[in-house]
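Got a fold open and want to see how its parts fit together? Let's go through it by question and answer.

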Amino acid sequence: MSPSKRAFDLVVAANRLPVDRVVSADGEVSWRTSPGGLVTAMESVMRDRDGAWVGWAGEAGEAPEPFEEQGMWLRPVALSEDEVKQYYEGFSNDTLWPIYHDVIVGASFHRQWFTQYEKVNRRFAEAIAEVAAKGATVWVHDYQLQLVPGMVRELRPDVRIGWFDHIPFPPVELFAQLPWRRAILEGLLGADYLGFQRVADAQNFVRACRQLLGLQTRGDTVSVSRADDSRRVRASAVPISIDFKGLEALAKEPETRARAKEIRESLGDPETLLLGVDRLDYTKGIGHRIKAYGELLAEDKVAPPREVFVQVATPSRERVEAYQQLRAEIEGEVGRLNGEFSRIGAPAVQYLHHSYPRREMAALFLAADVLLVTPLRDGMNLVAKEYVTCRYDEGGALVLSEFTGAFHELHQAFVVNPHDIEGLKQGIMRAIETPDKEKRRLMRAMRRRVADHDVQRWAARFLENLASAPERPAPAAPS
Ligand code: GDG
């Protein structure tokens, strides 16, 4: 069989391939595993299986030929410059992302963007159909590929199709704004099983099917009944997690621990090091966090160098206007606080618009006394789980927004509503002032939760749910 005609029992599809193209100084091209939760999660699933991954390689233009990398068959999907603008930056990140995150910023609706979204989703579906073996399991990821399940079913009725939603699924009142709501729901209903981060997300989806498509629903199951297609589709919560063992081992390495110590020293060994780590995204509540911290500085409840606040804001979606505006706002606010409250050698806020290697992230987590996770809406928030995972010493405290998926699992966090600035300030102060012994107890409980519900368990649960999804009813006997 020629390499381009290989067929696989497990096919994963996500907007991006799990690798980045690296070109060395002498022009040699190689591929490096890209950082991020999805990749780490799926790596462990793909490791022992005969699996293929369908996704965009990250550069506009022609796609590289399919290739094998780290035991996976990678099938790149091409995107033109226009498609990147309209399918990815436009429809995915400027229409769907705001609607699915409670319209924290307004969504833009352009018919042309949806046309491109449909076109690209079809290209993904065709690539999946090409590499899936007979009866294969197909696992589609996230909001960029919501039409893919239906398209794959048309092309390949023999395969089993699952979809996992990494972000929230909005209440029907918001979802209903989308002029393309019917196409999206019908696309998703092409799957046998749909996985969501929270029970509420799965319920929102089921309700949308009932109210907008008039379908019958019962509990977590939607009945699709068309002349040519009569099935039941299940939608339930399978919250994502992280590779607990792998990350904890990295945090325990002497090099990471030494780096954590060095970070604290270089910040003047503060009594309390507060940390935020987020993609620079308006969903993450970075502005609310900075506002609350600014008021604590003004009230002299915190002061550098006794308290130090480090905010890592990883560059993200820099060509989308809302993200450019957000960056200007956050950087203006950080500048204002530093102008007012910094002392020579002791800045009030240390702001870093960079992305860092994994070890550096683990060292930062290990160094931080308080982690601030204050999103206005977030599917899960892996950073919260990574923090408790790195704290093998049971030190540290987590301030956690109730609008994250993680809130539904990490009950021992210092819970805040980021819209309530007074409450947020109190949450931060409680995290600083609670006695260490009590904080240790809380941290221990959160660590147990993540250790028991790690990413391997998440993937296994998703695949079990997919395998046991309601079977297609036997076709009626001819009369
Ligand atoms: C979406 C959903 C859901 C960040 N900066 C660096 C870096 N990161 C890593 C973090 C973490 C991941 O990126 C970010 O994951 P989050 O869950 O916090 O947020 P999103 O990117 O919005 O992810 C979210 C997730 O999908 C999974 O389903 O939880 O709700 O929005 O792993 O550590 N990693 C490195 N350098 C950085 O500078 N190495």
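What follows is a set of questions and answers on this predicted model.

Q: Which two domains does the domain assignment give for the protein chain?
A: The bounds here come from a domain assignment rather than from us. It splits the protein chain into domain 1 (8-237) and domain 2 (244-453).

Q: How far apart do the C-alpha centres of domain 1 and domain 2 lie?
A: The two domains do touch: the contact takes 14 residues from domain 1 and 14 residues from domain 2. As for their C-alpha centres, the separation is 30 Å.

Q: Which helix gives the most to the side of domain 1 that touches domain 2?
A: By class, that side of domain 1 has five nonpolar, five polar and four charged residues. The top contributor gives three residues and spans residues 81-100: helix 2.

Q: Why does the ligand lie between the domains?
A: Look at who supplies the shell around the ligand. Residues come from both sides, so the ligand lies between domain 1 (8-237) and domain 2 (244-453).

Q: Which residues are the closest to the ligand?
A: The ligand is surrounded by 21 residues. By class, the shell holds ten nonpolar, seven polar and four charged residues. The closest of them are His-166, Ser-355, Gly-379, Met-380 and Leu-382.

Q: Which helix gives the most to the shell around the ligand?
A: Strand 13 (272-279), helix 12 (358-367) and helix 13 (382-390) each put at least two residues into that shell. With three residues, the one that gives the most is helix 13.

Q: What is the strand order in the open sheet of ten strands?
A: Pairing in this sheet is mixed. At its edges stand strand 5 (67-69) and strand 10 (216-218), each pairing on one side only, and the twist averages 25° from one strand to the next. Reading across, the order is 5-6-4-1-7-8-9-12-11-10.

Q: Which residue of strand 9 does Phe-164 stand opposite?
A: Strand 8 (residues 160-164) and strand 9 (residues 193-196) run parallel and are joined by three bridges. Across from Phe-164 in strand 9 you'll find Gly-195.

Q: What angle does the direction of helix 4 make with that of strand 8?
A: Helix 4 (residues 148-155) packs on the sheet and touches strand 1, strand 7 and strand 8. Its direction and that of strand 8 make an angle of about 170°.

Q: Which residue in the hairpin of strand 2 and strand 3 takes a positive phi?
A: Strand 2 (residues 19-23) and strand 3 (residues 29-33) pair in the antiparallel sense over five bridges, and the bridge partner of Arg-21 is Trp-31. Five residues sit between the strands of this hairpin. The positive phi, near 85°, belongs to Gly-27.

Q: Which strands stand at the edges of the open sheet of six strands?
A: This sheet has parallel pairing in the order 15-14-13-16-17-18. Each edge strand has a single partner strand, so one side of each is left without a neighbour in the sheet. Those two are strand 15 (349-352) and strand 18 (414-416).

Q: What is the bridge partner of Leu-371 in strand 17?
A: Strand 16 (residues 370-373) runs parallel to strand 17 (residues 397-401), with four bridges joining them. In strand 17, Leu-371 is partnered by Leu-398.

Q: Parallel or perpendicular: how does helix 10 pack against helix 11?
A: Helix 10 (residues 286-298) and helix 11 (residues 321-341) have their axes 10 Å apart and pack at an angle of about 10°. Angles under 35 degrees count as roughly parallel, so helix 10 is, relative to helix 11, roughly parallel.

Q: Parallel or perpendicular: how does helix 10 lie relative to helix 14?
A: The axes of helix 10 and helix 14 (residues 421-433) come within 9 Å and cross at roughly 70°. The contact includes His-288 and Lys-291 of helix 10 and Ile-421 and Leu-424 of helix 14; by class it has five nonpolar, one polar and three charged residues. Since 65 to 115 degrees is the relevant range, helix 10 is, relative to helix 14, roughly perpendicular.

Note on methods
Residues are numbered from 1 along each chain as its sequence is written. This is a predicted model: local features need pLDDT of at least 70, side-chain atom pairs count only at pLDDT 80 or more; totals for chains, interfaces and linings use all residues. A residue is near a molecule or strand if its C-beta atom, placed from the backbone, lies within 6 Å of it. Ala, Val, Leu, Ile, Met, Phe, Trp, Tyr, Cys and Pro count as nonpolar, Asp, Glu, Lys and Arg as charged, and the others, Gly among them, as polar. Domain bounds come from an automatic or database domain assignment. Axes are lines fitted to C-alpha atoms, for helices over the stretch in contact, and angles run from 0 to 180 degrees between N-to-C directions. Angles under 35 degrees count as roughly parallel, over 145 as roughly antiparallel, 65 to 115 as roughly perpendicular and the rest as oblique. Two strands pair if DSSP finds at least two bridges between them. Two residues are in contact if their C-beta atoms, placed from the backbone, lie within 7 Å.
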